[in-house]
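Colleague: I would like a close look at a single part of this model, with the surroundings described as far as they bear on that part. Please take one residue as the starting point and work outwards.

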Amino acid sequence: MIRGSAFLVLTLALSSCRDYDYYSRISDSGGLVPADQFARYGREQAQAAAIGREFAQTHQDSAVAFARAQPDVVDAVADPLSHRVTVEFRSGWRLGVVPLGE
């Protein structure tokens with residue numbers, strides 16, 4: 001009886017553990033300004049949208065390389081735990097870019 005209830009409690013505890021894959025939650029852009037509209041706000045915003053699209057298509061390291069190749073980007077740093085690329089523009093504006101789905 002005690003073994004059965006211990007097994008049941010252990011099974012319930014393990015089945016209630018959530019996964020820690022936040023990529024799908026972060027890349028979901030529901031409720032935000034669409035990327036095409038955001039890109040029309042200015043040159044840096046267009047570059048940020050392009051970096052986000054590149055990030056969604058490729059891995060994080062190539063998104064950082066793509067970001068550093070942009071003309072107004074001073075620095076780009078990857079944060080693999082939060083699925084973001086922190087981009088600093090020449091104007092001093094810093095932005096955490098997440099993968100942008102179409």
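Modeller: Leaving aside neighbours within four places in sequence, Gln 47 is in contact with Gln 70, Pro 71, Asp 72, Val 73 and Phe 89. The model is a predicted one. Gln 47 sits in helix α4. Its relative accessibility is 6%, so Gln 47 counts as buried, the limit being under 20%.

Ile 51 can be treated in the manner of Gln 47. With neighbours within four places in sequence again left out, the contacts of Ile 51 are Ala 63, Phe 66, Ala 67, Gln 70, Val 73, Val 87 and Val 97. Gln 70 and Val 73 are thus among the contacts of Ile 51, and Gln 70 and Val 73 are also among those of Gln 47.

Next comes the sheet. Helix α4, residues 43-57, packs on the sheet and touches β1, β2 and β3. The direction of α4 makes about 155 degrees with that of β2. Helix α5, residues 60-68, lies across β1 and β2 and runs at about 170 degrees to β1.

The sheet itself is open, with three strands in the order β1-β2-β3 and antiparallel pairing. Its edge strands are β1 (73-79) and β3 (94-97), each of which pairs on one side only. From one strand to the next the twist averages 20 degrees.

The pairing can be followed residue by residue. Between β1 and β2 there are six bridges in the antiparallel sense. Ala 76 has Val 87 as its bridge partner in β2, and Ala 78 stands opposite Val 85 in that strand. Four residues separate β1 from β2 in their hairpin, and His 83 in the turn has a positive phi of about 55 degrees.

On the other side, β2 (residues 84-89) and β3 pair in the antiparallel sense over four bridges. Val 87 has Leu 95 as its bridge partner in β3, while Glu 88 is bridged to Arg 94. The hairpin of β2 and β3 also has four residues between the strands, and there Gly 92 takes a positive phi near 100 degrees.

Now to the faces. In a regular strand the side chains alternate between the two faces of the sheet. In β2, Val 85, Val 87 and Phe 89 point to one face and are buried. Arg 84, Thr 86 and Glu 88 point to the other face and are not buried. Phe 89, one of the buried set, is the β2 residue named among the contacts of Gln 47; Val 87, also of that set, is in contact with Ile 51. In β3 the covered face holds Leu 95 and Val 97, and the uncovered one holds Arg 94 and Gly 96.

Several of these residues meet again in the core. The largest nonpolar core has 13 residues, and those with the most contacts inside it are Ile 51, Val 85, Val 87, Phe 89 and Val 97. Two or more residues of this core come from each of α4, α5, β1, β2 and β3.

Last, the chain as a whole. Its secondary structure comes to five helices and three strands, in the pattern α-α-α-α-α-β-β-β along the sequence. The radius of gyration is 20 Å, against near 13 Å for a compact globule of 102 residues. The C-alpha trace spans about 70 × 25 × 25 Å along its principal axes. Of the 102 residues, 27% count as buried, and Gln 47 is one of the buried residues. Among contacts with a separation of 6 or more, 40% join residues 24 or more positions apart. The accessible surface of the chain comes to about 7,100 Å², with 58% of it belonging to carbon and sulfur atoms.

Key: Residues numbered from 1 in each chain as written. Predicted model: local features only at pLDDT ≥ 70, side-chain atom pairs only at ≥ 80, totals over all residues. Heavy atoms only, no water. Pairing = 2+ DSSP bridges. Axes fitted to C-alpha atoms, helices over the stretch in contact; angles between N-to-C directions. Contact = heavy atoms within 4.5 Å. Buried < 20%, exposed > 50% of the residue type's maximum accessible area, 1.4 Å probe, protein only. Core = buried A, V, L, I, M, F, W, Y, C linked by side-chain atoms within 4.5 Å. Rg over C-alpha atoms; globule rule 2.2 N^0.38 Å. Areas by Shrake-Rupley, 256 points an atom, 1.4 Å probe, with all protein chains shown as cover.
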